[in-house]
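Me: Could you take a close look at one part of this structure for me, the place where helices of the two chains pack together? I'd love one connected walk through it.

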Amino acid sequence: MAHFFYQTLVGQIILMVLETLAVLVPLLIGVAYLTLMERKVMAAMQRRRGPNVNGLFGLLQAFADAIKMIVKETVIPAGANRILFLFAPFLAFALAMLAWAVIPTGNGLAVANINVGILYLLAVSSLGVYGILIAGWASNSKYAFMGSMRAAAQMVSYEVSIGLIIVSVLLAVGSLNLNDIVLAQRHIWFCLPMFPVFIIFFISALAETGRAPFDLPEGESELVAGFFVEYSSLAFGLFFLGEYANMILMSALVSILFLGGWLPPIGVFPFTLVPGPLWLIAKILFCLFVFIWVRATFPRFRYDQLMRLGWKVFLPFSLIWMIGTAAFLMVTGLLPQGGGMN
Amino acid sequence: MQSVLGSYAPILIFGALAIVISAAMLGMALFSGHQKPYPEKTTAYECGFEAFDDARRRFDVRFYLVAILFIIFDLEVAFLFPWAVSLSRIGYFGFFSMLGFLSVLGIGFLYEWRKGALDWD
């Protein structure tokens, strides 16, 4: 009976909604706790305690922050374009969630297992620039405007090398499907043969999400808070949560492209007992830890250094790496067969 | 073909739910917060001074240059995607064709570099 119900259109839609919620609810809780994790881990690195008053070990801090942000006043500047001003955080957060539709958490375990998953991810993450640009323009504040220009230029600069590195990975996979990308790493994770671009991809992911040491768009000591200087209450909170959701997304992308997604490190007995999603979560957590570690360690870049690194170092290197990968795979005959149309 | 389109249906539902959640969060804050604006609060932040003029004004041309270069290189990546997944079928002819395309773009990139379009100071 229940089986029959899920064959109908209404049943299908209900099933999809449940699947979506099974991704979105853990994601939102994860984002809330990532803010706590960042404060805790950074505190531990600075030899002090993070939030530890609200609830056991400070575990309720994330909820305390959320409730506080909800009841605060949403200040809308007089010179701002009211509709666009509120639309920008909405867009930034909705897009950060939307990208999660294609992330596979196990073999075939994605909400939407589409054939061009990696292109979808690139497209959705490119749209993130709009939220930032709209926020900076609609605020009608000089700091917000400067911050959004910087953020947009920085994001598009590093997106080029991210795209080229993804092409290198695709050469070794022969498919745009994220599931196939993980399955292609059964024998060896791509982080080993492609170690240099793995590192470059990770650094580009830092820049793409505007994280330290590339947090120039926010630059609290020079731009006060960059593109969200005028925002308050949950309108600010949505940018904040969107940024952290993007961090988790980028970590998931690094795990899927280079760290073997849900695959265990070695496909032998004790490792195969652990279910795939747990491996993916462990890898995402490791990447997030490195995100926080980097923030606690390095000083901020200058803007000219940032642009030089993106255009003059990462872009040529990832381009040459991509050509080298293609040539190597051609010469050795290791190219995945029958790619493209299967 | 039906199954290809069908695999995109979950994305529609996912998008709808993402929109509903974001809108609900924004609306929740707008309605639960006590709104009490006054002129000093609603002026744009400018280090404690009153704002001198409108913020929508001229900006550095280099942001333009970066945006244009991005469009060019993003298109390059867009051409590379189909080439990357079908390289085993198109063989050395496909490989060297793309190498020709990349060398044309490489010359353009070197020109930008020498012209100083990539410098920021």
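Reply: Happy to; here is a tour of the helix packing, starting with how far to trust the model.

This is a predicted model, in which local features need pLDDT of at least 70 and side-chain atom pairs count only at pLDDT 80 or more, while totals for chains, interfaces and linings use all residues. Residues are numbered from 1 along each chain as its sequence is written, chains are lettered from A and ligands numbered from 1 in the order in which they are written, and side-chain values use heavy atoms, with hydrogens and water left out.

The model scores ipTM 0.86 and pTM 0.89. Chain B has a mean pLDDT of 82, with 86% of its residues at 70 or more; pLDDT is the predictor's confidence in each residue, from 0 to 100. Among the elements of chain B, H5(B), residues 87-115, has the highest mean, 91, and H1(B), residues 2-6, the lowest, 64. Helices here are DSSP runs (H or I, at least four residues; strands are E, at least two), numbered from the N terminus.

Let's begin inside chain A. The axes of H6(A), residues 142-173, and H9(A), residues 233-258, come within 11 Å and cross at roughly 30°. Axes are lines fitted to C-alpha atoms, for helices over the stretch in contact, and angles run from 0 to 180 degrees between N-to-C directions. H6(A) and H9(A) are therefore roughly parallel (under 35 degrees; over 145 is roughly antiparallel, 65 to 115 roughly perpendicular and the rest oblique). On the H6(A) side, A:Ile162, A:Ile165, A:Ile166 and A:Val169 meet A:Met250, A:Leu257 and A:Phe258 of H9(A), contact meaning heavy atoms within 4.5 Å. By class, that contact has seven nonpolar residues and no polar or charged ones (Ala, Val, Leu, Ile, Met, Phe, Trp, Tyr, Cys and Pro count as nonpolar, Asp, Glu, Lys and Arg as charged, and the others, Gly among them, as polar).

Both helices also meet chain B. The axes of H9(A) and H2(B), residues 9-32, come within 7 Å and cross at roughly 150°. Here A:Ser233, A:Leu234, A:Ala235, A:Leu238 and A:Leu241 of H9(A) touch B:Ser22, B:Met25, B:Leu26, B:Met28 and B:Ala29 of H2(B). This contact has eight nonpolar, two polar and no charged residues.

H6(A), in turn, pairs with H4(B), residues 61-85: their axes come within 9 Å and cross at roughly 15°, so these helices are roughly parallel to each other. The residues of their contact divide into 18 nonpolar, two polar and two charged.
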